[in-house]
Amino acid sequence: LFLGFIKTSLFGEYTYKEIKGATLLGWIVLLSAVIIVIWLVICFIKMICDKKLDMNLRIFSSVYALTTMAFYVNLCLSIPNFSSLDFRYIAHLIILGALAIVNQRKSEWKIGLYILITVFAISSVALYMMVGLVSYL
């Protein structure tokens with residue numbers, strides 16, 4: 001379910017292996033996205049366990065994330081198409097991820113995540129520009 005979510009959110013239901021150079025960029029995009037998602041989940045769990053934060057924020061964030069993920073898993077399992085695995089159905093969780101990043105005490109966690117996000121963004125732009133140029137020509 002997790003890998004299907006990542007693959008469908010990044011590449012749709014398509015493969016780009018016939019485009020020269022797209023495989024390398026695709027792997028960079030995929031690996032950076034997987035690491036970012038895992039890192040954000042760790043940051044979110046650390047935020048929920050932080051006793052210095054307001055208890056109402058911690059409870060709300062936990063309930064919101066768990067409810068969203070429960071409905072998302074239900075959607076994925078009830079609809080057999082890959083399109084149900086797309087990120088657009090849980091995109092609003094980006095707000096909780098941003099809160100988790102902001103509330104990190106260690107600056108190296110933030111810097112590492114910023115570097116990963118930059119690598120992801122640049123490689124994504126390069127990949128889709130390459131795909132767009134090949135399909136245009």
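These legends accompany close-up views of a predicted model.

**View 1. The whole protein chain is built from helices and has 0 strands.** There are 5 helices. From the N terminus on, the elements run α-α-α-α-α. Buried residues make up 36% of the 137 residues. Among contacts with a separation of 6 or more, 69% join residues 24 or more positions apart. The chain exposes about 9000 Å². Carbon and sulfur atoms supply 75% of that area.

**View 2. Helix 3 spans the distance expected for its 24 residues.** At 1.5 Å a residue, helix 3 should span 34 Å. Its end C-alpha atoms are 34 Å apart, so the two values agree. The buried residues of helix 3 are Arg58, Ser61, Ser62, Ala65, Thr68, Tyr72 and Cys76.

**View 3. Phenylalanine 60 and tyrosine 64 form a stacked aromatic pair.** The count for the model comes to 1 aromatic pair. In this pair, the ring centres of phenylalanine 60 and tyrosine 64 lie 5.6 Å apart, with 20° between the planes. The pair counts as stacked because planes under 30 degrees apart fall in that class. Both residues sit in helix 3, 4 residues apart, which means about one helical turn separates them. In an α-helix, residues three or four places apart point the same way. Tyrosine 64 has 30% relative accessibility, so this residue counts as partly exposed.

**View 4. Aspartate 50 lies in the loop between helix 2 and helix 3.** Helix 2 covers residues 22-49, and helix 3 covers residues 55-78. Aspartate 50 is at 15% relative accessibility, so this residue counts as buried; the cut-off is under 20%. Leaving out residues up to four places away in sequence, aspartate 50 touches Arg58 and Arg105. Of these partners, Arg58 is one of the buried residues of helix 3.

Key. Residues are numbered from 1 along each chain as its sequence is written. This is a predicted model: local features need pLDDT of at least 70, side-chain atom pairs count only at pLDDT 80 or more; totals for chains, interfaces and linings use all residues. Side-chain values use heavy atoms; hydrogens and water are left out. Helices (H or I, at least four residues) and strands (E, at least two) are DSSP runs, numbered from the N terminus. Buried means under 20% relative accessible area, exposed over 50%, partly exposed in between (1.4 Å probe, protein chains only). Contact means heavy atoms within 4.5 Å. Rings of Phe, Tyr and Trp (its six-membered ring) pair if their centres lie within 6.5 Å; planes under 30 degrees apart count as stacked, over 60 as edge-to-face and the rest as tilted. The expected span of a helix is 1.5 Å times one less than its number of residues. Accessible areas come from the Shrake-Rupley method with a 1.4 Å probe; for residues, only the protein chains shown count as cover.
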